[in-house]
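Got the viewer open and a hand on the mouse? Let's walk through this one stop by stop, starting with the fold and ending at single side chains.

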Amino acid sequence: MLRTVNRVLLGLAGLVLLCGGGAVLAAGLGLAVPSWWPWHGKDDVLLSAADRDRWRAAGWWWPTVIAVLALVVVLALWWLLAQLRRARLAEVLVDSGDGEGALLRGRALEGALAAEAGTLDGVSHAQVALTGRRSAPQARIGLLLEPHATPDEALGRLADEALAHARDAAGLAELPAEVRLRAVRHRAERVS
(Lines give C-alpha, C1' and ligand atoms only; values in the text may rest on other atoms or scores of the structure.)
Protein backbone atom coordinates (compact mmCIF):
# COMPACT_ATOMS: atom_id res chain seq x y z
CA MET A 1 0.00 0.00 0.00
CA LEU A 2 2.80 2.40 0.93
CA ARG A 3 4.53 1.72 -2.38
CA THR A 4 1.35 2.57 -4.32
CA VAL A 5 0.75 5.80 -2.38
CA ASN A 6 4.39 6.69 -2.87
CA ARG A 7 4.20 6.22 -6.63
CA VAL A 8 0.93 8.17 -6.94
CA LEU A 9 2.32 11.12 -4.95
CA LEU A 10 5.55 11.03 -6.94
CA GLY A 11 3.61 10.98 -10.20
CA LEU A 12 1.41 13.91 -9.15
CA ALA A 13 4.39 15.96 -7.97
CA GLY A 14 6.18 15.23 -11.23
CA LEU A 15 3.13 16.20 -13.27
CA VAL A 16 2.70 19.49 -11.38
CA LEU A 17 6.39 20.34 -11.77
CA LEU A 18 6.38 19.42 -15.46
CA CYS A 19 3.27 21.51 -16.20
CA GLY A 20 4.54 24.47 -14.17
CA GLY A 21 7.97 24.33 -15.75
CA GLY A 22 6.49 24.02 -19.22
CA ALA A 23 4.20 27.00 -18.66
CA VAL A 24 7.06 29.15 -17.33
CA LEU A 25 9.19 28.11 -20.30
CA ALA A 26 6.35 28.91 -22.71
CA ALA A 27 5.89 32.37 -21.16
CA GLY A 28 9.65 32.97 -21.28
CA LEU A 29 9.76 32.04 -24.98
CA GLY A 30 6.85 34.37 -25.74
CA LEU A 31 4.37 31.60 -26.58
CA ALA A 32 0.67 31.82 -25.73
CA VAL A 33 -0.18 31.00 -22.12
CA PRO A 34 -3.58 30.79 -20.39
CA SER A 35 -5.14 34.07 -19.29
CA TRP A 36 -5.03 33.08 -15.61
CA TRP A 37 -1.27 32.47 -15.73
CA PRO A 38 0.57 35.13 -13.67
CA TRP A 39 3.40 35.65 -16.22
CA HIS A 40 2.62 36.62 -19.77
CA GLY A 41 5.83 37.65 -21.45
CA LYS A 42 9.60 37.51 -21.54
CA ASP A 43 9.98 40.58 -19.32
CA ASP A 44 7.70 39.38 -16.48
CA VAL A 45 9.36 38.53 -13.18
CA LEU A 46 8.33 36.41 -10.20
CA LEU A 47 8.17 39.42 -7.85
CA SER A 48 7.83 42.92 -9.25
CA ALA A 49 9.80 45.83 -7.77
CA ALA A 50 6.68 46.99 -5.90
CA ASP A 51 6.10 43.52 -4.45
CA ARG A 52 9.76 43.24 -3.42
CA ASP A 53 9.62 46.62 -1.68
CA ARG A 54 6.37 45.75 0.06
CA TRP A 55 7.72 42.42 1.35
CA ARG A 56 11.14 43.82 2.20
CA ALA A 57 9.49 46.25 4.63
CA ALA A 58 7.97 43.34 6.56
CA GLY A 59 10.72 42.02 8.83
CA TRP A 60 9.17 38.57 9.08
CA TRP A 61 8.98 37.90 5.32
CA TRP A 62 12.50 36.80 4.37
CA PRO A 63 13.15 34.68 7.49
CA THR A 64 9.82 32.95 6.85
CA VAL A 65 10.65 32.32 3.19
CA ILE A 66 14.07 30.93 4.08
CA ALA A 67 12.64 28.74 6.86
CA VAL A 68 9.92 27.33 4.58
CA LEU A 69 12.42 26.59 1.80
CA ALA A 70 14.81 24.97 4.29
CA LEU A 71 11.94 22.85 5.61
CA VAL A 72 11.05 21.78 2.07
CA VAL A 73 14.67 20.77 1.41
CA VAL A 74 14.90 18.82 4.69
CA LEU A 75 11.61 17.01 4.00
CA ALA A 76 12.73 16.18 0.46
CA LEU A 77 16.02 14.76 1.76
CA TRP A 78 14.19 12.79 4.45
CA TRP A 79 11.84 11.36 1.83
CA LEU A 80 14.79 10.46 -0.43
CA LEU A 81 16.58 8.65 2.39
CA ALA A 82 13.36 6.85 3.31
CA GLN A 83 13.13 5.57 -0.27
CA LEU A 84 16.68 4.26 -0.21
CA ARG A 85 16.25 2.45 3.10
CA ARG A 86 14.72 -0.96 2.82
CA ALA A 87 11.96 -1.69 5.29
CA ARG A 88 12.55 -4.54 7.71
CA LEU A 89 10.07 -7.34 7.84
CA ALA A 90 7.96 -7.17 11.01
CA GLU A 91 6.64 -10.74 10.89
CA VAL A 92 7.02 -13.98 8.95
CA LEU A 93 4.08 -16.22 8.11
CA VAL A 94 4.86 -19.77 9.30
CA ASP A 95 2.87 -22.71 7.98
CA SER A 96 1.61 -24.47 11.10
CA GLY A 97 0.18 -27.41 9.17
CA ASP A 98 -3.45 -26.81 10.17
CA GLY A 99 -4.19 -24.40 7.33
CA GLU A 100 -4.25 -21.41 9.67
CA GLY A 101 -0.60 -20.41 9.87
CA ALA A 102 1.23 -18.60 12.62
CA LEU A 103 3.12 -15.35 12.77
CA LEU A 104 6.75 -15.26 13.81
CA ARG A 105 8.28 -11.93 14.74
CA GLY A 106 10.86 -10.92 12.16
CA ARG A 107 13.26 -9.67 14.83
CA ALA A 108 13.16 -13.07 16.54
CA LEU A 109 14.12 -14.88 13.35
CA GLU A 110 16.79 -12.26 12.63
CA GLY A 111 18.23 -12.71 16.12
CA ALA A 112 18.27 -16.50 15.90
CA LEU A 113 19.87 -16.44 12.45
CA ALA A 114 22.47 -13.87 13.53
CA ALA A 115 23.30 -15.82 16.68
CA GLU A 116 23.83 -19.06 14.78
CA ALA A 117 25.80 -17.36 11.99
CA GLY A 118 27.99 -15.66 14.60
CA THR A 119 29.02 -19.03 16.05
CA LEU A 120 30.29 -20.37 12.74
CA ASP A 121 34.02 -20.99 12.52
CA GLY A 122 35.80 -17.94 11.17
CA VAL A 123 32.92 -15.53 11.76
CA SER A 124 33.56 -12.75 14.26
CA HIS A 125 30.17 -11.04 14.08
CA ALA A 126 26.94 -11.41 12.08
CA GLN A 127 24.09 -9.00 11.35
CA VAL A 128 20.81 -10.05 9.77
CA ALA A 129 17.87 -8.07 8.39
CA LEU A 130 14.77 -9.63 6.86
CA THR A 131 13.06 -7.91 3.93
CA GLY A 132 10.44 -8.90 1.38
CA ARG A 133 6.93 -10.18 2.04
CA ARG A 134 5.91 -12.07 5.13
CA SER A 135 5.09 -15.17 3.07
CA ALA A 136 8.36 -14.92 1.11
CA PRO A 137 11.06 -13.31 3.27
CA GLN A 138 14.56 -12.51 2.09
CA ALA A 139 17.61 -12.17 4.32
CA ARG A 140 20.37 -9.58 4.13
CA ILE A 141 23.33 -10.87 6.09
CA GLY A 142 26.56 -9.11 6.96
CA LEU A 143 29.42 -11.30 8.16
CA LEU A 144 32.59 -9.98 9.77
CA LEU A 145 35.25 -12.62 9.11
CA GLU A 146 38.26 -13.45 11.27
CA PRO A 147 41.70 -13.03 9.66
CA HIS A 148 42.15 -16.81 9.28
CA ALA A 149 38.71 -17.44 7.72
CA THR A 150 38.23 -18.35 4.09
CA PRO A 151 35.20 -16.65 2.52
CA ASP A 152 34.02 -19.64 0.50
CA GLU A 153 34.07 -21.92 3.55
CA ALA A 154 32.23 -19.38 5.72
CA LEU A 155 29.63 -18.80 3.00
CA GLY A 156 29.12 -22.54 2.48
CA ARG A 157 28.65 -23.19 6.19
CA LEU A 158 26.25 -20.25 6.44
CA ALA A 159 24.12 -21.67 3.62
CA ASP A 160 24.29 -25.29 4.82
CA GLU A 161 23.80 -24.66 8.53
CA ALA A 162 22.40 -21.31 9.66
CA LEU A 163 20.19 -20.54 6.66
CA ALA A 164 18.98 -24.13 6.40
CA HIS A 165 18.02 -24.18 10.09
CA ALA A 166 16.18 -20.85 9.82
CA ARG A 167 14.36 -21.99 6.67
CA ASP A 168 13.33 -25.28 8.27
CA ALA A 169 12.31 -23.66 11.58
CA ALA A 170 10.07 -21.16 9.81
CA GLY A 171 8.67 -23.78 7.45
CA LEU A 172 9.76 -21.85 4.36
CA ALA A 173 10.31 -23.46 0.97
CA GLU A 174 13.22 -21.10 0.37
CA LEU A 175 15.02 -18.27 2.13
CA PRO A 176 17.06 -16.28 -0.39
CA ALA A 177 19.92 -14.34 1.13
CA GLU A 178 22.26 -11.56 0.14
CA VAL A 179 25.50 -11.93 2.07
CA ARG A 180 28.14 -9.24 2.46
CA LEU A 181 31.50 -10.32 3.74
CA ARG A 182 34.02 -8.06 5.46
CA ALA A 183 37.29 -8.88 7.16
CA VAL A 184 38.16 -7.85 10.70
CA ARG A 185 40.76 -5.10 10.72
CA HIS A 186 43.87 -6.31 12.44
CA ARG A 187 47.46 -5.25 12.84
CA ALA A 188 50.08 -6.83 10.67
CA GLU A 189 51.99 -9.62 12.38
CA ARG A 190 55.74 -9.29 12.74
CA VAL A 191 57.79 -11.96 11.11
CA SER A 192 61.29 -12.43 12.45
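Colour by secondary structure and run along the chain from the N terminus: the order you meet is α-α-α-β-β-α-β-β-α-β. That makes five helices and five strands in the protein chain. Keep in mind as you go that this is a predicted model.

Now zoom out until the whole chain fits. Its C-alpha atoms fill a box of roughly 75 × 65 × 35 Å along the principal axes. How does the radius of gyration sit against that of a compact globule of 192 residues? The globule would come in near 16 Å, while the protein chain has 28 Å.

Switch on the surface next. About 14,200 Å² is exposed, and carbon and sulfur atoms supply 61% of that. Of the 192 residues, 21% count as buried. If you colour by charge, the 21 positive and 20 negative charges have mean positions 10 Å apart. For a contact map, take pairs at least 6 apart in sequence: 48% of those contacts join residues at least 24 apart.

Hide the surface and go inside. Select Leu 113, Ile 141, Leu 143 and Leu 158: these have the most contacts inside the largest nonpolar core, which has 25 residues. Then show the elements that give two or more residues to this core: β1 (91-94), α4 (106-118), β3 (123-133), β4 (136-145) and α5 (151-170). Which of them gives the largest share? It is α5, with six residues.

There is another core to find, lying apart from that one. It has five residues, and Ala 23, Ala 27, Val 33 and Trp 37 are among them.

Come back to Leu 143 and show its neighbours, skipping anything up to four places away in sequence. You'll pick up Ala 117, Val 123, His 125 and Ala 126, then Leu 158, and finally the run Val 179, Arg 180, Leu 181 and Arg 182.

Time for helix α4, with two glutamates to click on. Glu 110 is in this helix. Is Glu 110 buried or exposed? Its relative accessibility is 5%, so Glu 110 counts as buried, the cut-off being under 20%. Leaving out residues up to four places away in sequence, Glu 110 touches Arg 88, plus Val 128, Ala 129 and Leu 130.

Glu 116 also belongs to α4. Here the relative accessibility is 24%, so Glu 116 counts as partly exposed. With the same sequence neighbours left out, Glu 116 touches Glu 161, Ala 162 and His 165. For a long distance to draw, connect the C-alpha atoms of Glu 116 and Ala 26: they are 63 Å apart in space and 90 residues apart in sequence.

Last stop, Leu 155 in helix α5. What does its accessibility make of it? At 37%, Leu 155 counts as partly exposed. Finish by drawing a line from its C-alpha to that of Gly 142, 13 residues away along the chain; the separation reads 11 Å.

Key:
Residues are numbered from 1 along each chain as its sequence is written. This is a predicted model: local features need pLDDT of at least 70, side-chain atom pairs count only at pLDDT 80 or more; totals for chains, interfaces and linings use all residues. Side-chain values use heavy atoms; hydrogens and water are left out. Helices (H or I, at least four residues) and strands (E, at least two) are DSSP runs, numbered from the N terminus. The radius of gyration is taken over C-alpha atoms; the globule rule is 2.2 Å times the number of residues to the power 0.38. Buried means under 20% relative accessible area, exposed over 50%, partly exposed in between (1.4 Å probe, protein chains only). Contact means heavy atoms within 4.5 Å. Accessible areas come from the Shrake-Rupley method with a 1.4 Å probe; for residues, only the protein chains shown count as cover. Lys and Arg count as positive and Asp and Glu as negative; His and the chain ends are not counted. The place of a charge is taken as NZ of Lys, CZ of Arg, CG of Asp or CD of Glu. A nonpolar core is a set of buried Ala, Val, Leu, Ile, Met, Phe, Trp, Tyr and Cys residues joined through side-chain atoms within 4.5 Å.
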